[in-house]
Amino acid sequence: MALPKLVALDLDGTVWHPDMYMLWGGGAPFQAQNDGTRCLKDRKGQNVELLGMAGSIIYEVKHEPKWTAQDTKLVWVSTCDEPDWADECLRKFNAAPDGKKEPRIPLKELADAEYIYDASSKQDHFKRVQKKFGLPFEDMIFYDNQMNNIHAVSRLGVHCIYCPDGLTRSVWVEGLEEYARTHGAR
C-alpha cells in the first residue's frame, strides 16, 4: 500500500479538544493527568483531552517499520490562537503504542517540524513544509477538522482528510486507504 511521505496534523479539534482559544481565562500552566496520554488540566481545572486515538497514531508514524523504512515526516500545522499554550501541551501530552502505557514519549519530540502560528491560510504552512522537506505536495496527507482548511490545502495537491471528531482510528485508516487508492502502488 502506498503511504504518504509526510503526515501533517492540525492540533485544535484534530489532536486535542478544546481549541486553545476556548481556554481563555484559564490556559497555562497545564498539568498532566495520570500519565499524560489522555488528559491535561489548565490552571482553572478545565480538561484538554487527546481526541480519538491521536497519541497512538502519532507514536505509530514515528516507530512502526512501514513508516520508518521510508523516513516519513510528521509535522504540526496549526493556526492556533495561543501557540505558547499549544507548545506546552505538546511537551506535556505523551504518545504511547496502541493499548499500552509505555514507552511514553512527549508529542513534541515526535514531530519533525512545527508550524504553529496565525496565518491567513494553511496554504502558507504547507508552502513552508514543502520548502523545508523538498517533497511534492502529492506525497503529503493532512488531517484537519475544519473544511475551510481542507479546501485550501487540497488546492495545492495535498491529500486532505476531514476529521470533524478528531483523529480517530477509523478516520486515520480510511484516509490512508483513500491515499493509497489515489496514488496506486508506488
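Visitor: How many bridges join strand S6 to S9?
Guide: A quick note before we start: this is a predicted model. Strand S6 covers residues 73-78 and runs parallel to S9. The bridges joining the two number 4.

Visitor: Which residue in S9 is the bridge partner of Trp76?
Guide: Strands of a sheet pair through backbone hydrogen bonds, either parallel or antiparallel. Here S6 and S9 run parallel. In S9, Trp76 has as its bridge partner Glu114.

Visitor: In what order do the 5 strands of the open sheet come?
Guide: The pairing in this sheet is parallel. Strands S9 (113-116) and S11 (159-162) each have a single partner strand, so they stand at the edges, with one side of each left without a neighbour in the sheet. Put together, the order is S9-S6-S1-S10-S11.

Visitor: Helix H3 packs on the sheet, but which strands does it touch?
Guide: H3 takes in residues 83-92, and its direction makes about 145° with that of S9. Its buried residues include Trp85 and Leu90, and among the elements covering the buried residues are S2, S4 and helix H4. On the sheet, the strands H3 touches are S6 and S9.

Visitor: What is the strand order in the open sheet of 4 strands?
Guide: The pairing there is antiparallel. S2 and S3 (31-32) each have a single partner strand, so these two stand at the edges. S2 is joined to S5 (residues 47-50) by 2 bridges, with Trp16 opposite Leu50. The full order reads S2-S5-S4-S3.

Visitor: Asp10 forms a salt bridge with which residue?
Guide: Side chains of opposite charge can pair when their charged atoms come close. The closest N and O atoms of this pair are 2.8 Å apart, and Asp10 sits in the loop between S1 and S2, while its partner is in helix H5, 112 residues apart. That partner is Lys122.

Visitor: Is Asp139 buried or exposed?
Guide: Asp139 meets Lys5 in a salt bridge, at 3.9 Å from N to O. Lys5, at 32% relative accessibility, counts as partly exposed. Buried means under 20%, and Asp139 has 8%, so Asp139 counts as buried.

Visitor: Which residues do salt bridges that share partners join into one network?
Guide: One salt bridge here is between the side chains of Lys108 and Glu114, at 2.8 Å from N to O. Lys108, at 26% relative accessibility, counts as partly exposed, and so does Glu114, at 31%. The network is made up of Asp87, Arg91, Lys108 and Glu114.

Notes:
Residues numbered from 1 in each chain as written. Predicted model: local features only at pLDDT ≥ 70, side-chain atom pairs only at ≥ 80, totals over all residues. Heavy atoms only, no water. Pairing = 2+ DSSP bridges. Contact = heavy atoms within 4.5 Å. Axes fitted to C-alpha atoms, helices over the stretch in contact; angles between N-to-C directions. Buried < 20%, exposed > 50% of the residue type's maximum accessible area, 1.4 Å probe, protein only. Salt bridge = Lys/Arg side-chain N within 4 Å of Asp/Glu carboxyl O.
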